[in-house]
Amino acid sequence: MKIMRKYILVAETSISSNMMYAANFLAGTFFFALIIFIFLQLWSAISLNNGSMEGYTVNRMVWYYIAAEMVVLSKSDVFRSLNEEIRGGGIVYKLNKPYSFVAYQFSDGMGQTAVRLMANLPIGILVGFLYVGGLEGFTWQSLPFVIISVLLGILLNFFMDAFVGMTAFWTEDNSAFYWITQKLSFVLGLLLPLEFLPGAIRQIAVFLPFSYIAYAPARLLTSFSKEVLMNILPVQVFYTALFAALTAWMYSKGVKKLNVNGG
Amino acid sequence: MSTVADGRRYIIRKHLKLIWLYFKFNLQAAMEYRASFIAQSVGMFLNDAFFLFFWWVVFSKVSSLGGYGFKDIMLIWALAASTFGFLHIVFGNVRQLSRIIINGELDTYLLQPKNVFINVHCSRMDFSAWGDFIYGYVLFFLIFGFAPLKLLLFTLFVIAGGLLTGAVMASADTLTFHIGNSSAITRLVTEFLINFTLYPDSIFGREIKWIMYSLLPAGFIVFIPFRLMSAFSWYGLLGLLAMDSAYIYLVWLFFKYGLKKYESGNLITTKL
């Protein structure tokens, strides 16, 4: 518990420092509302042509995007932070402190995420009700599992970003890796539910980790059933644990290669 | 009269040369870190390509979206990507103006015998923007093949649209002179502008279209050029260029007015 206290303190500090930037905070929530609005317009136009698609009505699509975007837009800046620390050399001031560098980044990132999630959650619910009303077919029994899935999605996103961020130990510029992994998670579940993808791509996407960030919680919210739950939640747990382990492994390998000049 | 006109021509030539020199030196700097430059450009190219996949899936389900087909969406993306790419290549400080004003870094530019507005914007290049710029042209060739006149028109729209986009973003950043840090407003304006240029305008209602053709002129950046590429008219082209020029001129006046309120932070910086 004593060990945990210092990391809780880091997370608390991160929460209070993020709360200070109220303007950025507001801009983020406006952006969230804008994205949902654009998708509402887009799918309303599509549904006017064809009615509902792949079992998704406009109502379910809007709530799908709210859940998916909430996970993605609440993520922390761990990739940028790791890049700055490793490439800028700031990491050396953290290595001699009595905490684990990875656990420090995790606590700091979770503080950021907590602030963003607390802003995005009420905005998402409000926007959903204003745009399309309550979610069709919503069941209260799905809620605890949706919450768990949202949290796992956020954790998986964090560890994937941290994993890519750790490549800064070896590469001069790793932004391309970040954009590509980010966009893979966008097309495999954020911009479109997997049900919309062509058969072969959908089969591959199910085995990749990207769709377990945004698609998993959004699918659970909009199409909850025991079968969907059993297909999604164990895989989400597996990938989250895998990327947490990979991040720790990358750090242990990378920090041995660290070479900082100057002071 | 001719002396005044000659003077203006000289100033324009001088500033075009300044933009060219900055472009050349920034590109040389990019070449010093070639691997990073290529990685960033290719990364951005692939980043854009993922969105085409999204539209391909959408159009495998519907034949038309508010009157737009898949090829139309490709052209919208081509215009938007190259426009944003051009802006960030030539005027790479476009998203940094607010920070530069707050940090008092404008001092360096104020001391130089060049227009501050132009000088500050073009002194940096965003290397990843090459990926956007090239992506737009690749899409253009996929849609039209080799069509010199259309290519010329496309390039003209990319330059005009880039300048207009830069002006809109600079107007939000210029608010920093009056209200303090306006970077959150700039971020929001940029996100609105990007998102309104990437989706067919026909999906939006009348109120949004009013905004798209006035305050946040996404319509003049992408959709009027899109229509002119399909059905060209001289009146349309001249009207578009007049509108772009008026907007840019107003933003320049706004910046000049704001500059009078600038307070130096007495920060000593070196600009290499």
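The text below goes through two cavities, one residue and one helix of a predicted model.

Residues are numbered from 1 along each chain as its sequence is written, with chains lettered from A in the order in which they are written. Local features need pLDDT of at least 70, and totals for linings use all residues.

Rolling a probe the size of a water molecule over the atoms shows where empty space is left. A cavity is a set of points, on a 1 Å grid over the protein atoms alone, where a 1.4 Å probe fits but cannot get out. The count comes to 2 cavities of 30 Å³ or more.

The largest cavity holds about 70 Å³ of space, a volume being the space filled by probe spheres set on the grid points. Among its lining residues (an atom within 4 Å of a point) are A:Lys75, A:Asp161 and A:Phe210. Helix H8 of chain A (helices are DSSP runs of H or I, at least four residues, numbered from the N terminus) gives the largest share of this lining, 4 residues.

The second largest cavity has a volume of about 40 Å³. Its lining includes A:Val78, A:Phe106 and A:Thr247, and H6(A) supplies the largest share, 3 residues.

A:Thr29 lies in helix H2 (residues 22-50) of chain A. A:Thr29 is buried (under 20% relative accessible area, 1.4 Å probe, protein chains only), because its relative accessible area is 10%. Leaving aside neighbours within four places in sequence, A:Thr29 is in contact (heavy atoms within 4.5 Å) with A:Ala119, A:Asn120 and A:Ile123.

In chain B, helix H3 covers residues 70-90. Of the 21 residues of H3(B), 18 are buried.

Definitions and conventions
Predicted model: local features only at pLDDT ≥ 70, side-chain atom pairs only at ≥ 80, totals over all residues. Heavy atoms only, no water. Helix = DSSP H or I, 4+ residues; strand = E, 2+ residues; numbered from the N terminus. Expected span 1.5 Å × (residues − 1). Buried < 20%, exposed > 50% of the residue type's maximum accessible area, 1.4 Å probe, protein only. 1 Å grid on protein atoms, 1.4 Å probe; cavity = no way out; pocket = protein on both sides within 12 Å on 5 of 7 lines; lining within 4 Å.
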